[in-house]
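Colleague: I would like to learn how to read a protein model step by step. Could you walk me through one?

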Amino acid sequence: GDAGEISAALGLTGAAVLGSRVAGAYAEAAYDVLPLLVPTDQALSPFVRYEVQDLHRAVPAGGSRNPALETDTLVAGLTYKPLPNVVFKADYQRIDPRGAGAAALDQVNLGAGFVF
């Protein structure tokens with residue numbers, strides 16, 4: 001609610017202001033394929049996720065929308081759980097800004113997690 005005041009305090013103007021309203025959604029699907037191959041308590045789950053977000057759905061008075069902050073993202077990856085509380089993940093992510101002239105970003109993410 002204070003995006004205008006915060007942007008002013010930070011000296012942000014034009015398309016650099018903070019968004020006063022953001023919007024987004026995603027859908028994700030995954031399936032554990034390892035039990036189809038061998039009987040095991042481990043899990044191997046390919047997944048795919050599609051995201052849309054607009055970090056400048058609305059901007060404070062005096063600011064201007066930055067179309068590069070409206071993106072479509074496609075993520076595809078693999079999750080491996082050798083134990084119920086240990087996970088390793090790898091994915092490929094393509095972020096496509098909707099703004100004219102904005103370049104797409106491709107990246108690979110690797111991660112590990114432990115639940116205690």
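**Reading the chain, from the whole to the parts**

Modeller: Gladly! Of the 116 residues in the chain, 22% are buried. Keep in mind that this is a predicted model.

Colleague: How much area does the chain expose, and what share do carbon and sulfur atoms supply?

Modeller: About 7600 Å² is exposed, and 62% of that comes from carbon and sulfur atoms.

Colleague: What pattern does the chain follow along the sequence?

Modeller: The order is α-β-α-β-β-β-β, made up of 2 helices and 5 strands. Now turn to overall shape, where a radius of gyration can be set against a rule for globules. Here the radius is 19 Å, well over the 13 Å that the globule rule gives for 116 residues, so the chain is more spread out than a compact globule. The C-alpha trace spans about 60 × 35 × 20 Å along its principal axes.

Colleague: Among contacts between residues at least 6 apart in sequence, what share join residues at least 24 apart?

Modeller: That share is 48% in this chain.

Colleague: Let's move to the strands. In which sense do strand 3 and strand 4 pair?

Modeller: For pairing, look for bridges between two strands; at least two are needed. Strand 3 (residues 70–83) and strand 4 (residues 86–97) are antiparallel, with 11 bridges. A hairpin of 2 residues links strand 3 to strand 4, and leucine 83 has valine 86 of strand 4 as its bridge partner.

Colleague: How many bridges join strand 4 to strand 5?

Modeller: There are 10, and strand 4 runs antiparallel to strand 5 (residues 105–114). To see one pair of positions, find tyrosine 92, which stands opposite valine 108 in strand 5.

Colleague: Which residues is proline 97 in contact with, leaving aside its neighbours within four places in sequence?

Modeller: Proline 97 sits in strand 4. Its contacts beyond those neighbours are Ala68, Glu70, Thr71, Ala102, Ala103 and Ala104. You can also compare separations: proline 97 and threonine 73 are 24 residues apart in sequence, while their C-alpha atoms lie 8.6 Å apart in space.

Colleague: One last feature: why does tyrosine 31 count as exposed?

Modeller: The cut-off for exposed is over 50% relative accessible area. Tyrosine 31 counts as exposed because its relative accessibility is 55%. You will find tyrosine 31 in the loop between strand 1 (21–30) and helix 2 (34–37). Together with Leu36, Leu37 and Val38, Tyr31 forms a nonpolar surface patch with about 460 Å² of accessible area.

Methods: Residues numbered from 1 in each chain as written. Predicted model: local features only at pLDDT ≥ 70, side-chain atom pairs only at ≥ 80, totals over all residues. Heavy atoms only, no water. Patch = residues over 30% accessible without salt bridge, like charges linked within 9 Å, V, L, I, M, F, W, Y side chains within 5 Å. Areas by Shrake-Rupley, 256 points an atom, 1.4 Å probe, with all protein chains shown as cover. Salt bridge = Lys/Arg side-chain N within 4 Å of Asp/Glu carboxyl O. Helix = DSSP H or I, 4+ residues; strand = E, 2+ residues; numbered from the N terminus. Buried < 20%, exposed > 50% of the residue type's maximum accessible area, 1.4 Å probe, protein only. Rg over C-alpha atoms; globule rule 2.2 N^0.38 Å. Contact = heavy atoms within 4.5 Å.
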